[in-house]
Structures are given as C-alpha cells and as structure tokens.
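Student: I would like to go through this model step by step. Can we start with the fold and then move to contacts and core?

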Amino acid sequence: MLLPSMAGAAAFHVIPMCYVLKRSVTDDSTGKLVGLDHYREVIDNAAFRLAVQNTVRFLGLCVPLLFALSLIGALLLSKEKRNLGKTVALMPMAIPAASMVLIWKVLFRRYGLLDRLFCGFTGGIDYISSEGAFGVLISTYIWRNVGYDIVLWAAALSSVDQSIDEAAQIDGAGKLQRFVWVTLPHILPYGSVILLLSLLNAFKAFREVYLMAGEYPNQSIYLLQHIFNNWLLNFRFSDLCAGAVLVISVVGILSVLLHKLLERDLC
Amino acid sequence: MIKSGIKNIGKCVSLLLLAVIMAGPVILVLICSLMKRDELLLSFGAVLPDGAGYAGIPLLPYYLTFENYKKLLLQEMEFYIMFWNSVFQAAGIILGQMIVGIPAAWAFAKWDACWKNFLFRIYIVWMVAPFQVLMVPEYLTLQRWGLIDTPYAIILPAVFATLPIFILTRFFRAVPDEILEAARLDGASEFFIFTKIGIPLGEGGIGAVVILSFLEYWNTIEAPLAFLHDRSFWPVSLYLPNISQQNAGVALAASFLILIPTTLLFFAGHDVMEAGIANTGLKG
C-alpha cells in the first residue's frame, strides 16, 4: 500500500536528488569532478549569507514567539465553553495571501494606516521597503498561524488529568503552582510536534513576502527562498544544487531531532 | 454579580478585539471593493503610485456599488481562466493525495516493519523542507518528463506531498488494534479491513486533510512561479494586476472573490478542521 507513495517519492525526490548531489560536485560544462568548489562558492556568496542570516533570525524569533503566544492564547481560551475564540483565531488560515496583499499595502506602506498612527514619532516610514519589513513578516506569520498552534495546545491542555489538578488544589496549591507543576510538565511533550508544524509553516511565510515585496525585497527580509528562486530564474544550476544539498541537510537534521523527541514523548 | 458582569463584558470585548484582528482584513477588502472609485481613492489612494495624503479607515462606503464586480466579471477574461485553473489544480491535487496518501498512512500506522520508521523519518524531512529546496529535484523530473508549463507540473509533485500522510497516520494509529484482530479472526481480508474498518474510522482525518489541502493549494504561489513560465496555467492566487489608480477597485473585487471559496469551506468545516489539527498533536 506504500508503493504508490514511494514510487512518487522516488521519481520526484530520491532519484533526482542523487542527480542534484552529482551536479553539486561536478563542473557544469566539462562534467569533471570539482570536489567541494560549488559549496565553497555558495558559502562565500554574500547574498546566500545574507539569506541564511535572515532566515535563521526569522525562524529563531518567530517560532519561539508563536510557541509562547499560542500557549497563552490556549490557556485563555480553554476556559470558554464554546470554542468561538478558537474558530476566530483559525480564520486567517482561510484567507489566501493574494487577497491580503492590497490590504497589507494599505496598512504598511508609506502614508498607510500604521504610518498615520505613528507618524508623530517616526515621520513617514514605508514598513514594507525598510527594516520594518522584518516586523511585518513576523506579525503576518503570527497572525496566520496563531490559531493553528492554539488548537494544538488546547488539545494538549484538554488531555491533562483533571483529578490530579483537583488533588493539587485540595492540597492547597495556587493557580500558578498548579500550572507550573501539574499542567506544564504534562503539555510540554506535545511541544515537539507543535515546533515541527510551526517550522513547516514558517517556511510558507515566504508567500506573503513575495507578493508584497517581489523578487528583490528589502535586505532585512531577503530569505533563502528568494535566493533559490533567483538562482532558478537565472539557470544557475550548480549553485542551486549545492545550496539545496546544504539546506536540506540542515532541515533534515533539525526535523529528525524533533521527530525523535516526538516519538520519545508521544508514542 | 457585578464582578462577574464586568468579567463577562471583558470577555466579550477581548473576543471582539480578536475577531477584528483576525477577520478585519477580510471585512476591509469587502468594504473597499464595494466603493466607488473616487471614494476609494480618497480613503487609500495615498499608498498607490502618485497618490497624496494619508490612507484613511473606511468604515462604510457612502454609496454601495457593484461597479467593480461588474467590471471584473464582464471584462476580465483572465480572471475566469485563472479561477478555473485553481479549481482544476486544487481538485486534482486533493484527489491524488487521497489515492496515494490514505493507503500509505494506513501502512505506516498499522504495519510492522523495521524499515517503516526510517522511511517515515525521511517523509518528515520532506514535510518540513521548504518548497524551494524540493523544487530542484522536482524541476529535474518534470523537465525530463516534459511536464514543465503544463498543469501537471503543479499537480503531480503536490500529490506526493507528505503532510497529508503525517496527519492521516496519526488518525489511523488511533484505530484500536483489537478491532482489526477480531476482524482477522472472523476471516476478513486485509483489503476488507482497510476499506470497511480503517477508512470509515479515519473519516475525520480524511475530512481534515481535504480542507487543509484545499486551503493550502488555493493559496499556492511558489510552485506555479517555478514550474509555469507560461502564464496561461497560472492559478488565481497569482492574479495581481498592476495596481494603479485605474484598477484598484477591480483588484479589490478580485481579492474578495478569491477568498470566497476558502472562507465558505472554512465555515462549513471548521470543526472538522479543528479536530484534525488537534489530533495531529495528540498521542498516537
């Protein structure tokens, strides 16, 4: 039953990936082995470094932020009987990026709403084509994904054994104590799957960036995805292959580690 | 009494605030798309090329008009084509994902084989890896098969996406083994067990995957940019005419029409979707 899926995986990923590996260590025109030259070239490439730096900064900031914010959200919403709050928080997932671009421009462009709100302090900033773009990127990511993570956290919270919580309450534990010693140890193991899914969604934030700012956005939001796109458009295949091998190794190690955590905790 | 009353009001206010932040942009799109051109320019011409002044917050249009929608639907053939491209591609992807993903997830959840875990781990790497990295091997295969610049360049790689398998596996793991054992003792074939017990019990997961996949692929941007140089197969998610003072209204009307299918699906199936997401994170 795994066959169709494995055939597709082989055709689209495994077999061409071998070719990508080969391409990344051979010369484009002569086909001679050049060792790690392409890798050196890619790592020395200033644009690639900028993209790596930005991507790491973005992931390092937005994933923990979303992790914490959605936990707080889930705690606040868990007491509600109807889960209207959760449904509302999920709504942005249903809004295509294409529909939002115009509104984002109204909000964040120069002379836009945000600019109008803060113009007394800052005096006219285009939040999309300045350093502020990074903030726009992070808030867009949180806006779109907070509901997804709240639902995940809420599921974890609902699996907490109420009788233990009550026992602690009878023993005189306060609200905060109960949260730190009863609830938190129980829900933290679910964190690995939440991190995994947040990471996956973080890579998709590129859509909004691309639609708002195009192929060459402000330096602060020039991501790995941009450089890969530009390499493809310029047919720089050896760079593309070496870069892909590098990124997939890092992502691979990260996600295998997370999945190991997940298996230890949840299976 | 008074204290709980205040608390209730506080709750309502914070829920309302949440709703404004989450759904506000949609309402803004709808309101602006119903505006006349001069009014639209008055309130946010400022952010368009050669506008002046600051953008305003339009709460209600003075004159409701469907002029923008009329113009879009009567004059922009391109919009219809792209809308249909999106429908066709998303439907193809979801159908394919079901055919490929459901049996694979069943195997991952219910078979005992030591290589299975290794394969599952690789699937998770593919699931997390950004599109731009997987696009390189995918491009090579599509090129070899001559599928670049056809809709199948979008559909085929997405059919083998591993996120649906990940979600479905978690649902199938929740099916108790005792039921399967009992069926086996009664002489049921493996195929019968899968189709008559597994699939019905995994229905919730299948529904969630259909909804999540639709939201995902209606919103696809990366794949068509990479695999379709020819714009005639572009999906509606890339419908962005150059916005100027002339066509801002039409673009807003298009923005609103693009979000209708996903929003309707969301309201029809948000509980299925919510249960699906919640189950992804639970013990399996």
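Student: How many helices and strands does chain B have?
Tutor: This is a predicted model. From the N terminus on, the elements of chain B run α-α-α-α-α-α-α-α-α-α-α-α-α. The tally for chain B is 13 helices and zero strands.

Student: What share of contacts in chain B join residues at least 24 apart?
Tutor: The contacts counted here are between residues at least 6 apart in sequence. Among these, the share that joins residues at least 24 apart is 80%.

Student: Is B:Asp38 buried or exposed?
Tutor: B:Asp38 sits in helix H2 (residues 37-44) of chain B. A residue with 12 or fewer C-beta neighbours within 10 Å is classed as exposed. B:Asp38 has 10 inside 10 Å, so B:Asp38 is exposed.

Student: How far apart in space are B:Asp38 and B:Gly249?
Tutor: In sequence, B:Asp38 and B:Gly249 are 211 residues apart. In space, C-alpha to C-alpha, the separation is 9.9 Å.

Student: Why does A:Ile43 count as partly exposed?
Tutor: A:Ile43 belongs to helix H2 (residues 37-44) of chain A. Buried needs 20 or more C-beta neighbours within 10 Å, and exposed needs 12 or fewer. A:Ile43 has 14 other C-beta atoms within 10 Å, so the class is partly exposed.

Student: Which helix gives the most to the side of chain B that touches chain A?
Tutor: Here 72 residues of chain B are in contact with 75 residues of chain A. Several helices of chain B each supply at least two residues to that side, including helix H1 (2-33) and helix H4 (77-110). The most, 14 residues, come from H13(B).

Student: How many residues on that side of chain B are nonpolar?
Tutor: The side of chain B that touches chain A has five charged residues and 13 polar ones. The nonpolar count is 54.

Student: Where does the largest nonpolar core lie with respect to the domains of chain B?
Tutor: This core has 155 residues, and A:Trp153, A:Ala244, B:Ala105 and B:Leu168 touch the most other members. Helix H7 (residues 133-158) of chain A gives the largest share, 13 residues. Both domains of chain B give residues to this core, so it lies between domain 1 (2-65) and domain 2 (74-280).

Student: Which residues does B:Leu168 touch, beyond those up to four places away in sequence?
Tutor: B:Leu168 is one of the core members that touch the most others. Its contacts are B:Gly101, B:Ile102, B:Ala105, B:Gly202, B:Gly205, B:Ile206 and B:Val209.

Note on methods. Residues numbered from 1 in each chain as written. Chains lettered and ligands numbered in written order. Predicted model: local features only at pLDDT ≥ 70, side-chain atom pairs only at ≥ 80, totals over all residues. Core = buried A, V, L, I, M, F, W, Y, C linked by C-beta atoms within 7 Å. Helix = DSSP H or I, 4+ residues; strand = E, 2+ residues; numbered from the N terminus. Domains from an automatic or database assignment. Contact = placed C-beta atoms within 7 Å. Nonpolar A, V, L, I, M, F, W, Y, C, P; charged D, E, K, R; others polar.
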